[in-house]
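Student: I have a sequence and a model open side by side, and I would like to go through the packing step by step. Could we take it as a set of questions and answers?

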Amino acid sequence: MHTKLMGILNATPDSSLDKGKHFSFEKAIQRAHEIYQQGADIIDIGGESTRPGAAPVSLEEEIQRVIPLIKEVRQSIPLPISIDTIKWQVAAAAVNAGATFINDVSGFRDPEMRRVGVESEATLFVMHMQGEPRTMQKDPSYSQGVIKEISTWLMERVGELLEQGAHKDKIYLDPGIGFGKTVAHNLEIVHNFAELKKLGFPLLLGLSRKSFMGKINNKSYEELLPESLAMHTIACMNGIDILRVHDVKESRDIINLLKAYSEHIPEKRA
């Protein structure tokens with residue numbers, strides 16, 4: 001098993017799960033240390049919520065939320081840092097502050113974001129999203145099928161990045177679970193991880209505490225740990241390269257268990 005863990009650090013007052021409990025600088029740093037100690041491989045720092053219906057944050061506010069945090073994390077924690085943003089100015093400032101990954105949920109649609117990604121030589125996480133956070137869950141549809149349309153869209157974005165000079169080995173794809181998808185769409189994506197792997201790029205996946213699981217089992221975000229871990233197990237067993245998670249310790253335990261399972265070779269009996 002080679003799945004890596006990206007631990008989520010929300011520097012926002014309105015995230016779906018933690019409700020802003022890590023919003024203050026001191027609490028955010030404390031959480032970053034917890035993420036490290038619990039076994040994450042990457043810390044993903046975001047200053048603007050992308051939950052369905054989320055209101056946008058000004059450029060100045062987002063920079064104020066994330067840049068001091070990135071600088072402090074870089075100094076005190078030996079983990080690579082990802083910046084979760086759709087603004088090229090925030091991405092540029094984050095890279096200058098020490099981030100080495102850019103996680104753009106809008107999929108590098110903006111030519112300026114592509115320029116920053118290429119010039120910074122950061123690793124780029126290209127995510128599919130239908131619409132934008134305020135509208136993405138208003139009757140999403142895929143007339144040609146969700147897997148076909150996601151795959152086509154992602155490869156178009158990759159083509160744009162490569163055309164601007166990005167290195168192929170610096171690109172990850174993310175199908176965008178929950179971003180402009182119904183419950184059925186999300187389940188179809190889970191069923192087709194192998195098809196997405198055939199696109200030829202490593203995959204990042206964000207399944208943690210996603211609302212489609214709550215709709216299936218009639219639960220709130222706070223109650224979705226068992227469902228998240230079940231989905232993480234499925235993802236790991238299908239070769240997902242990076243899991244973006246809220247629950248780092250529990251997800252690390254799953255990865256360790258699956259690694260031991262995959263490495264165990266039963267003795268042959270005569």
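Student: Where does I177 lie, and between which elements?

Tutor: Please keep in mind throughout that this is a predicted model. Going along the chain, strand β6 covers residues 171-174, and I177 belongs to the segment that follows on the way to α6, so the place asked for is the loop between β6 and α6.

Student: Is I177 buried or exposed?

Tutor: The relative accessible area of I177 is 1%, and a residue counts as buried when that value is under 20%. I177 is therefore buried.

Student: Which residues does I177 touch, leaving out those up to four places away in sequence?

Tutor: Although I177 sits in a loop, it has a list of partners from elsewhere along the chain, not counting residues up to four places away in sequence. That list consists of N186, I189, V190, L205, G206, L207, K210 and F212.

Student: How far apart in space are I177 and M127, C-alpha to C-alpha?

Tutor: In sequence these two residues are 50 residues apart. In space, taken from C-alpha to C-alpha, the separation of I177 and M127 is 9.2 Å.

Student: I189 was among the partners of I177; in which helix does I189 lie, and is it buried or exposed?

Tutor: I189 lies in helix α6. Its relative accessibility is 0%, so I189 counts as buried.

Student: Which residues does I189 touch, again not counting those up to four places away?

Tutor: Three of its partners, V146, I147 and I150, are also the α5 residues in the contact between α5 and α6. With the remaining partners added, I189 touches V146, I147, I150, P175, I177, K181 and L196.

Student: At what angle do α5 and α6 pack, and how is that arrangement described?

Tutor: The axes of α5 and helix α6, residues 183-191, are 9 Å apart and meet at an angle of about 70°. Angles of 65 to 115 degrees count as roughly perpendicular, and α5 is therefore roughly perpendicular to α6.

Student: Which residues of α6 make that contact, and how do the contact residues divide by class?

Tutor: On the α5 side the contact uses V146, I147 and I150, while α6 contributes H185, E188 and I189. By class, the contact of α5 with α6 has four nonpolar, one polar and one charged residues.

Student: How are α2 and α3 oriented to each other?

Tutor: Helix α2, residues 59-76, and helix α3, residues 88-97, have axes 9 Å apart at an angle of about 20°. The crossing of α2 past α3 is right-handed. Angles under 35 degrees count as roughly parallel, and α2 and α3 are therefore roughly parallel to each other.

Student: Which residues of α3 meet α2?

Tutor: From α2 the contact draws on L59, E62, I63, V66, I67, I70, K71 and R74. Over both helices, the contact residues comprise nine nonpolar, one polar and three charged. The α3 residues asked for are Q89, V90, A93, A94 and A97.

Student: In which hand does α3 pass α4?

Tutor: The axes of α3 and α4 come within 8 Å and cross at roughly 15°, and that makes α3 roughly parallel to α4. W88, A91, A92 and V95 of α3 make the contact with E112, M113, R115, V116 and S120 of α4. The crossing of α3 past α4 is left-handed.

Student: How many residues does the largest nonpolar core have?

Tutor: The residues with the most contacts inside this core are I43, I45, I70, V73, I102 and L207. Helix α5, residues 146-163, supplies the largest share of the core, seven residues. The size of the core is 67 residues.

Student: Which residue with a positive phi lies in the loop between β4 and α4, and is it buried or exposed?

Tutor: The loop between β4 (101-104) and α4 (111-120) holds F108, whose phi is positive at about 60° although it is not a glycine. The relative accessibility of F108 is 0%, so the residue asked for, F108, counts as buried.

Technical notes
Residues are numbered from 1 along each chain as its sequence is written. This is a predicted model: local features need pLDDT of at least 70, side-chain atom pairs count only at pLDDT 80 or more; totals for chains, interfaces and linings use all residues. Side-chain values use heavy atoms; hydrogens and water are left out. Axes are lines fitted to C-alpha atoms, for helices over the stretch in contact, and angles run from 0 to 180 degrees between N-to-C directions. Helices (H or I, at least four residues) and strands (E, at least two) are DSSP runs, numbered from the N terminus. Angles under 35 degrees count as roughly parallel, over 145 as roughly antiparallel, 65 to 115 as roughly perpendicular and the rest as oblique. A crossing is left-handed if the near helix is turned anticlockwise from the far one by less than a right angle, and right-handed if clockwise. Contact means heavy atoms within 4.5 Å. Ala, Val, Leu, Ile, Met, Phe, Trp, Tyr, Cys and Pro count as nonpolar, Asp, Glu, Lys and Arg as charged, and the others, Gly among them, as polar. A nonpolar core is a set of buried Ala, Val, Leu, Ile, Met, Phe, Trp, Tyr and Cys residues joined through side-chain atoms within 4.5 Å. Buried means under 20% relative accessible area, exposed over 50%, partly exposed in between (1.4 Å probe, protein chains only).
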